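Q: I have a two-chain model open and want to go through it. Can you take my questions as they come?

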Protein chains: 2
Amino acid sequence: MSTAAVADTRPYHHGDLRRALVDAAARILEREGPSALSLRAVAREAGVSPAAPYHHFKDKNELLEAVAHVGWEALGEAMLEVRQNGTDVQTLMTELGVAYVCFSQRHPALYRVMYDRSRDKDSLPEGMQDKEDSAYCLVRETFRKVAGPEVADVDIELATIAAWCAAHGLAEMSGFAQFNPLREALGGDEAFLRGVLSHLGSFGYRGHEPVK
Amino acid sequence: MSTAAVADTRPYHHGDLRRALVDAAARILEREGPSALSLRAVAREAGVSPAAPYHHFKDKNELLEAVAHVGWEALGEAMLEVRQNGTDVQTLMTELGVAYVCFSQRHPALYRVMYDRSRDKDSLPEGMQDKEDSAYCLVRETFRKVAGPEVADVDIELATIAAWCAAHGLAEMSGFAQFNPLREALGGDEAFLRGVLSHLGSFGYRGHEPVK
DNA sequence: GATGTTATCTAAACACCGTCCAGATCGGAC
DNA sequence: GTCCGATCTGGACGGTGTTTAGATAACATC
């Protein structure tokens, strides 16, 4: 076998077609958006027949779920990076929100697939609430630090859910045309995001501008 | 041009097919969900050929937009009803949120179509920010009363956007399985919604349970 | 090394989809 | 009554998700 172009050797029929399909799907998503993401297009992009994916995924949904999974991992990493920047716990909350929304702006098609899957299943990815270092737990632990020990666990959980809902809502609507005047008045998109997120605080916290 | 015609829709062959199609679409949406909402299915439900809708809508998107439009009107009415219940301004804010989310729970497929259209257009329905009695303005005016006169208009607008984002996020995620334990612990879905919404306040306001 | 097994992939087909086109039908203006 | 234009139909085209039968190639066993 002489596959000169790619240094990678192909051990058998196609190699790791499963991964190749997920990569192809992600590529199509970035290049042409969610409406172009057909199973046949993915197979085409990967250079296989339209029926080939069915040996690796039960149906289209299962492929999209795999795509969504890598999306959630990337989102988690983006938010973890924020924590390592080592700001104080007050600003951290807003910065986590900004990181979340900015991820959705950088990968709008991927973000859409992620949440479309979640809404179809009526659940976030499994283990999101429990796994250490998940984005969700990161937010919850940050809330716990902000709140102090006298706040009940139930309230921590409710605040986390509230923040998550708000971040998701902002992720889906931040680009809406109606907000453009306000965005420009505040001097750019990040300022706009911080402005909105600063109105979402709990436990007396309202973002990077401390309450007097 | 013509004298008595109030609307430009006129009953010809079929009668008011345009309205019949929108109604048929809404019916399919409630009965079988968004994935079953094909243009052909709508035509079938209305008893016409698959090509008939093209004399009333440019394409499928335009039909969905009409469906979304009636959805937004119904949502606006549901929220207006809350205001007429005449609670004090403090609880009103939470009740508006509850009404919003409950609407999305009663008509999940319709709500999905509404926001899918908005995201494709990257904008809320036209005039939502300006039209008196729109749901959006209702929230903004409520915030203005809560905030008092010393709060800047920019902050009112930001708080409104934040509340809207949070309500939308909660509308899309309130049914997620991960929240079931907490939902039951709080004694039902409405209590859960109120709990989440109570962590979203601004201007020192945090829902129906006043801050101590 | 030849054998059989099994996973992998292809080709062809099915039903459905959105959309367009040529023609049939019919309401209303002249 | 004649004509025009809006409305609807039947049929077609290319695309989609999915299934089936059959070809191919890597692997385990002898």
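A: What follows covers the contact between the chains and then one residue of chain B. This is a predicted model, where local features need pLDDT of at least 70 and side-chain atom pairs pLDDT 80 or more, while totals for chains, interfaces and linings use all residues. Residues are numbered from 1 along each chain as its sequence is written, chains are lettered from A in the order in which they are written, and side-chain values use heavy atoms, without hydrogens and water.

Q: How many residues does each chain put into the contact?
A: Chain A gives 44 residues and chain B gives 44 residues, with contact meaning heavy atoms within 4.5 Å.

Q: And what area is buried there?
A: About 3,900 Å², with 66% from carbon and sulfur atoms; that is accessible area (1.4 Å probe) lost when the two parts are put together, summed over both. B:Arg119, B:Gln178 and B:His199 supply 18% of what chain B buries against chain A, more than any other three residues.

Q: How many salt bridges cross it?
A: The rule finds 4, taking a side-chain nitrogen of Lys or Arg within 4 Å of a carboxyl oxygen of Asp or Glu. One of them pairs A:Arg112 with B:Asp120 at 3.0 Å, N to O.

Q: Different topic. Where does B:Ser174 sit?
A: B:Ser174 is in the loop between H7 and helix H8 (180-185) of chain B; helices are DSSP runs (H or I, at least four residues), numbered from the N terminus.

Q: Buried or exposed?
A: B:Ser174 counts as buried because its relative accessibility is 3%, and buried means under 20% (1.4 Å probe, protein chains only).

Q: Which residues does B:Ser174 touch?
A: Beyond neighbours within four places in sequence, its contacts include B:Val101, B:Phe179 and B:Arg183.

Definitions and conventions:
Helices (H or I, at least four residues) and strands (E, at least two) are DSSP runs, numbered from the N terminus. Buried means under 20% relative accessible area, exposed over 50%, partly exposed in between (1.4 Å probe, protein chains only).
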